[in-house]
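Dear colleague,

I am handing over the structure we spoke about, and I would be glad if you could open it before reading my notes. Please keep the view beside you as you go through them.

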Amino acid sequence: MNFLNADVDAELLTLFREIFAKAQHGSPTEPNGLDRTLWSTLQETGLSRLTGSEAAGGSAGTVADGAAMLHAAGYSAARVPVGEHDLLAGWLAETADVTISGLATAASTDSHRSAVIPWARFADTAMVLASTPGSHELMVFDTSGCDITAGANLAGEPRDAVSLPAVPVHAVTVGPEVADEFWFRTALLKSALIAGGLARVLDMCIEHVTTRVQFGKPIAALQAVQHLVVDIAAQVRLTEAAVEHAARQVANGWSAQPARFAVATARSVAGHAATVAVRNGHQVHGAIGTTTEHRLHEFTTRLLAWRGEGGSTAEWDGKVDDLVSAGVGVRLWDLITEGG
Amino acid sequence: MDAVTRADLAELRRRVRLFLRKKLDDGAFAPLIDPWLTGWDEVFSAELADRGWVGATIPKQYGGQGRSYVERFVVTEELLAHGAPVAAHWIADRQIAPSLLRFGSEDLKRRYLPDIARGRCFFAIGMSEPDSGSDLASVRTRAVQVPGGWNLSGTKVWTSNAHRAHAFFVLARTSPPEQSRRHSGLSQFLVDLRSAGVTIRPIYSMGGHHHFNEVHLDAVFVPDAEVIGTIGDGWRQVTSELGFERSGPERLMSTFTLLTEQFTARSGGYSATTRGQTVAHLAALRQLSFGVAVELHEQRDADVGAALVKLLGTKLEGDIVEDAALAASDIPAGGPLGEALMQRAGFTLRGGASEVLRGVVARELGLR
């Protein structure tokens with residue numbers, strides 16, 4: 001399956017695949033730490049700031065390019081915060097007109113004192129969007145000045161509790177539209193990662209059921225097993241179609257209703273697709289898939305974690321509903337068909 | 001996608017939508033559930049044809065518009081989204097015209113395509129038989145060669161709207177299957193439903209409607225000129241068009257008007273999250289379906305995508321009904337929800353049962 005084949009240059013897709021294929025498993029001592037080799041490669045190739053403008057030192061890729069890269073990252077369970085660095089922190093830095101150096105991460109919080117920040121302990125810079133009633137402030141911190149307590153999501157990915165210093169390196173007031181776009185960017189980031197993770201679970205299932213022999217034949221010969229795998233394939237294609245469409249819709253901005261609808265749709269679909277992939281994926285793998293000896297869990301736990309980050313899946317279902325309800329009558333059909 | 005731009009499609013969509021909203025305002029039709037099977041309205045079909053929206057993909061030399069498949073996709077999804085009565089021309093427009101264009105003789109194209117494009121010639125499909133459902137290769141209708149043509153005998157079933165259509169395509173056995181190739185020896189014929197020896201018996205659906213029929217053929221003479229394509233090549237001809245049949249908007253939009261009602265009626269229908277999940281699922285599926293349309297437009301292989309659209313789409317059509325039904329009490333017969341509950345069971349059967357579609361995808365994934 002050729003993800004985003006319509007919108008992304010074939011050579012770029014090949015590059016993503018080749019680079020992320022070299023993603024390393026976690027080491028025994030630091031199973032969930034930063035994959036420094038991969039991160040260096042991403043920096044050297046300019047992919048770490050793929051969607052950034054050239055003026056800001058980025059590679060001027062489209063959001064569709066960025067989504068395709070995140071798909072490759074999700075497919076590899078890559079231990080690099082490339083989405084946080086590029087789509088979130090990089091964008092925030094450009095929006096607030098501040099320069100960042102090193103590995104940057106980003107998070108939103110409702111406090112000026114603390115935040116849970118992905119990959120904070122490996123980052124140089126943390127961009128924190130603090131939203132309190134009626135006010136949104138973007139604060140830039142040097143992580144060496146922060147008190148960081150290591151934390152993790154369901155998959156063990158770094159989600160660190162950070163006490164924020166009273167005085168940030170920079171602080172600017174931003175409008176509510178920035179806080180809003182942050183949510184939608186996070187949603188597309190997670191959706192694209194999930195799409196990649198789903199595709200990997202599917203491939204692992206195909207590999208497993210065609211090689212695992214029981215009753216004297218590969219279990220793929222059993223129709224009940226085939227159907228479990230086919231239902232995962234259906235969710236993979238569905239999620240990829242939704243993410244591809246959303247990435248195209250935001251090309252001209254994230255604030256228009258059809259763009260918001262497309263992103264919320266992708267996020268909802270990705271969240272529910274995880275249900276099928278995780279349950280069916282484990283079912284066909286049998287007991288070995290439930291162990292650390294097999295890599296399946298790296299992907300299934302990530303799917304379960306990602307679909308609950310940046311809002312729960314149910315919240316995104318609700319957001320889809322809100323976007324439709326805000327209009328009247330045939331508004332639903334208008335939103336579905338906007339943009340082709 | 002070449003030649004047709006997204007702007008062209010948007011403009012076409014705008015015109016179709018404008019027309020349909022005016023028709024709705026005028027009370028020309030009430031939005032239907034499953035309109036492409038149940039909404040037979042010859043006047044409406046002719047009106048659409050006059051605007052170039054029936055047989056749009058038929059080349060101009062045969063009376064059509066020479067439009068692309070993606071343009072047809074836009075027209076048909078607008079019609080279904082508004083619940084318009086499109087059953088009369090549906091089969092001719094979707095299946096018969098493309099088959100004739102691909103496999104029909106020049107004579108057949110000239111005789112039938114202009115009237116299809118005018119919305120005045122309606123077709124049915126004669127594939128299934130009492131003992132041949134999912135296993136289509138087992139058809140027993142026989143065609144025996146006679147001077148000048150063929151005599152067809154057998155029984156076709158689930159032949160939607162045969163009692164109203166002018167003609168139908170019949171899949172029949174012209175020679176015994178070879179040992180290892182059970183799909184060999186099948187051929188396609190164009191049969192006038194008013195021919196001598198044709199008997200049409202209604203089969204009433206559980207909702208009380210008559211759209212299904214059993215069509216009995218008793219030595220019905222079909223001239224050589226009405227053979228579709230090549231004798232013995234029927235299986236390939238039938239299956240090569242499945243992508244078009246399986247991936248279109250009618251595989252996800254049959255109950256769309258029921259979903260829009262959930263937003264307009266505000267009658268304590270399903271919960272907001274369920275509604276949002278359903279809408280998101282539909283929107284994504286529509287993108288997948290559109291993507292398959294583009295693949296077909298570019299003449300790429302789209303069998304897996306098509307099977308997945310139908311698999312997911314027909315399930316979703318049923319889920320929309322189920323969610324509405326779970327949130328309703330005292331559902332009246334004959335209302336939209338009541339109708340939808342009656343029609344629903346057929347969604348995941350017609351055009352390839354879901355179990356069969358899963359098998360198709362499994363094969364493509366290398367599982368069998």
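What follows is a short account of where the two chains touch and of how two domains within one chain touch.

Please bear in mind from the start that this is a predicted model.

I began with the boundary between the chains, where 34 residues of chain A are in contact with 35 residues of chain B. On the side of chain A that touches chain B, at least two residues are supplied by each of α5 (176-211), α6 (223-249), α7 (257-285), α9 (313-325) and α10 (331-337) of chain A. The largest share comes from α6(A), which gives eleven residues to that side. Sorted by character, the residues on this side of chain A are 18 nonpolar, twelve polar and four charged.

I then turned to chain B alone, which is divided into domain 1 (6-121), domain 2 (125-234) and domain 3 (241-364). The centres of domain 1 and domain 3 of chain B, taken over C-alpha atoms, are separated by 21 Å, and the contact between these two domains takes 17 residues from domain 1 of chain B and 21 residues from domain 3 of chain B.

Which helices of chain B each supply at least two residues of the side of domain 1 that touches domain 3? They are α4 (69-81) and α5 (87-103) of chain B, and α4(B) gives the most, with seven residues. The residues on this side of domain 1 of chain B divide into nine nonpolar, five polar and three charged.

With best wishes

How values were computed
Residues are numbered from 1 along each chain as its sequence is written. Chains are lettered from A and ligands numbered from 1 in the order in which they are written. This is a predicted model: local features need pLDDT of at least 70, side-chain atom pairs count only at pLDDT 80 or more; totals for chains, interfaces and linings use all residues. Two residues are in contact if their C-beta atoms, placed from the backbone, lie within 7 Å. Helices (H or I, at least four residues) and strands (E, at least two) are DSSP runs, numbered from the N terminus. Ala, Val, Leu, Ile, Met, Phe, Trp, Tyr, Cys and Pro count as nonpolar, Asp, Glu, Lys and Arg as charged, and the others, Gly among them, as polar. Domain bounds come from an automatic or database domain assignment.
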